[in-house]
Each structure stands twice: as structure tokens, then as C-alpha cells.
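This report describes selected helices, paired strands and charged contacts of one protein structure. Please consult the sequence and the model alongside the text.

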Amino acid sequence: MARHGDCVLSRSDLARGLTRSQYQSQQTAIEAESEAKIVKETRARFDQESNERFDALNAQLRNGFFKNMANLGLSLKTQRSRTTDDWLLASMRFGTDYALGCQSTEPPTLQGAFADVKVHESSVNSFLGQLDLGGRKMTPRETLDFIADRLNKPGLKDVEIEESELSYAFAKSDPITVRFFEDRVCIVLRFDEMTLGKKTWENIEVQAAYRPTLSEEDRPMLVRDGAIELYGPASVMEQIPIRAVFSKIFQAQRPLELRLPAMAQDERFAGLAIGLCRASRGWFAISMIKDPNFGRERVLQNTYVQ
């Protein structure tokens, strides 16, 4: 036996203590090895899934967005990017090499936004200018079908347009342009010639304005704001049939809902919604914010079940 102070230890006690110590050391090593293995496997699985998703996204962008843009002679180039404690900030130039850029300051970001995308009207007009509509003689149905083929969007051909006797020749310069100002999105159509029935006019300009707002379900949408504006025919009576046709094309009762299909289909976007968009000084901005309706349906369902 061994004596140490007031403690008396037998050889069996020493052996058990040594065995316990060795076991605890081995157990700690085993747990550390298992944890490292789990971390390694998790990281490998995460990397694999991330790479698969990024590869699929890159393929989709190459074969879809970038291919269509290349066919239109457009490019997307990063001008500058930086990170802050809360944001990844990136500025990109979208358009042709000869398109003019923006000169005004972009609108501020919404408070509490998770993401904020801001597009200048010069980028949109560069895109519209590449549709190659200038000088073409068409009907509204032919115009939509032409754009569907140009953008490789066959679904646009299913959009219903009321038949009419309207036909026109787009202006050779700037046939379609968009302006963002005073919280309005203004669409401008210019025609060298327009025919409706047996009546023909020259140098016609049509403007339709939309204002960002929220639906009853707090979903952002664009609602037509005011009457269709028409410049060209001097007589008010001559304007009536043209206004009637374009009032059906840009219907006041048919707002344009702003939504991303991916947000509704991907559960990772749960709890997020598109925030109220803004149009100011040539910029259109749209944010991703916390969904104010998230969880409301679940609460109502639980209340109903109880």
C-alpha cells in the first residue's frame, strides 16, 4: 500500500485510476476524431451540393440569360464591388458598348432590406433598343410574337390580345423607351405611321404610365396611372379610336404583379418578400424584405383546427 498524507491508496486503486485516465484520454481522442470526421464529411457534402447547384445555375445562365443577351448584342460587366459589415455591394454595366450610362445618384436602400437591386433606365432602354423593332410594320399580335421569338420566350405568344384593325410602322429611332421618374414607370411608343380601319396617321407617340403600389395582400405591383397620353393627331375626335385601342393593350384593370417564381418555389426564401419598389431620377429599385404575411396562414390554420 502507498500512503500520501491522510489518503491510503492500494495498488488496485492506482490501477483503476490509471485505467480510467487512459480510457478518458482515449474517449476524448475518439470523440475528437469522430467530430473531425463529421466536420470533414459535412464540408465535403456541402461543397458537393454547392458545386452542383452553382454548376446548374451557371449552365442555366449560360444557356439562357447570357445566350439571349449575346444574341441581342448585350453584355453584363462588373464595374466595381466591395463588402461591408452587412452588405455585398456590386455595380454592373448592362447594355451595349456604345450605350450611354447613368448620371444620377441611385435611390437609398429601404430600411431593413435583405437585398436591394437598382436598375437605371439606360440599361432597360439599351435592352429595348436591341429588339430591332425600328421601322418594322406590324400589328399588336405580330409585335408580341416577334418579341417572343427575339427573346426565346414562347410563353409570350400565349398572352391574349384583343383583335383590332390596328397596324403600324415603328419609328426608326427609339421605337420603345422607358422612363423612371416621380415614382412612375412611363412606357413610350413611337410610330412613323399608324393605320386603324381606313384612317392613317403619321408621327404618333403613345405614353402609358404605371405607379408602384401594394395589393391587398401586400404584394408589390404596377398599376396604370392616369389616361393614355397621345401625341400626334391634332383633333380630339381623331384621338378617340387610338386611345380606345391602347387602353385595351395597357388595361387599367390589369395591374402588373412583380414577383419572382423562384421565391414561391424555393423554401429557402420562406419569410422573405419583394418590398415596395421605387422609381426616381432614372432609377428603378426593388428590395427583398421580411414577409409581413409569413406565418399568418399557419396561425389561422392552427386556430381553425383548435
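## Helix H3

The model discussed here is predicted. Just after helix H3, asparagine 152 adopts a positive phi of about 55°. The helix itself comprises the 12 residues 140-151. At 1.5 Å a residue these should span 16 Å, and the end C-alpha atoms lie 17 Å apart, which agrees.

The buried residues of H3 are Pro140, Thr143, Leu144, Ile147, Ala148 and Leu151. Viewed down the helix axis, these buried residues fall within an arc of 135°, so they line one face of H3.

H3 also contains a charged pair: aspartate 145 forms a salt bridge with arginine 141, with the closest N and O atoms 3.2 Å apart. Both residues belong to H3 and are separated by 4 residues, about one turn of the helix. Aspartate 145 is partly exposed, its relative accessible area being 24%.

## Salt bridges

How many salt bridges does a search of the whole structure find? The search yields 10. One of them links distant parts of the chain, and it is formed by aspartate 225 and arginine 211, whose closest N and O atoms are 2.9 Å apart. Aspartate 225 is placed in the loop between strand E11 (220-224) and strand E12 (229-231), whereas arginine 211 lies in strand E10 (residues 199-214), 14 residues apart. Both partners are partly exposed: aspartate 225 has a relative accessible area of 24%, and arginine 211 has a relative accessibility of 31%.

Salt bridges with shared partners join Asp116, Lys118 and Arg278 into one network. Within this group, aspartate 116 forms a salt bridge with lysine 118, the closest N and O atoms being 3.5 Å apart. Aspartate 116 has a relative accessible area of 17% and is therefore buried, the limit for that class being under 20%. Lysine 118, at 26%, is partly exposed.

## Strand E9 and its partners

Strand E9 (residues 184-196) runs antiparallel to strand E8 (residues 176-181), and 6 bridges join the two. Threonine 177 stands opposite valine 188 in E9. The hairpin of E8 and E9 has 2 residues between the strands, and glutamate 182 in this hairpin takes a positive phi near 50°.

E9 also pairs with strand E7 (residues 166-170), again in the antiparallel sense, through 5 bridges. Here tyrosine 168 has methionine 194 of E9 as its bridge partner. With E10, E9 forms an antiparallel pairing over 11 bridges. Valine 185 has tyrosine 210 in E10 as its bridge partner. The strands E9 and E10 form a hairpin with 2 residues between them, and glycine 197 in the turn has a positive phi of about 70°.

Is strand E9 enclosed by the rest of the structure or open, and what is the evidence from its buried residues? Of the 13 residues of E9, 10 are buried, so the strand is largely enclosed by the rest of the structure.

## Helix H4

Helix H4 contains the 14 residues 236-249. At 1.5 Å a residue the expected span is 20 Å, and the end C-alpha atoms are 20 Å apart, which agrees. The helix has a kink of about 25°, centred on isoleucine 242.

Isoleucine 242 is also among the buried residues of H4, together with Gln239, Val245 and Phe246. Against which strands do the buried residues of H4 pack? Their packing partners are E7, E9, E10 and E12. Of these strands, E7 and E10 each pair with E9, E7 through 5 bridges and E10 through 11. E12 borders the loop that holds aspartate 225.

Terms used
Residues are numbered from 1 along each chain as its sequence is written. This is a predicted model: local features need pLDDT of at least 70, side-chain atom pairs count only at pLDDT 80 or more; totals for chains, interfaces and linings use all residues. Side-chain values use heavy atoms; hydrogens and water are left out. The expected span of a helix is 1.5 Å times one less than its number of residues. Buried means under 20% relative accessible area, exposed over 50%, partly exposed in between (1.4 Å probe, protein chains only). The arc is that of the directions from the helix axis to the C-beta atoms. A salt bridge is a side-chain nitrogen of Lys or Arg within 4 Å of a carboxyl oxygen of Asp or Glu. Two strands pair if DSSP finds at least two bridges between them. The bend at a residue is the angle between axes fitted to the seven residues ending there and the seven starting there. Contact means heavy atoms within 4.5 Å.
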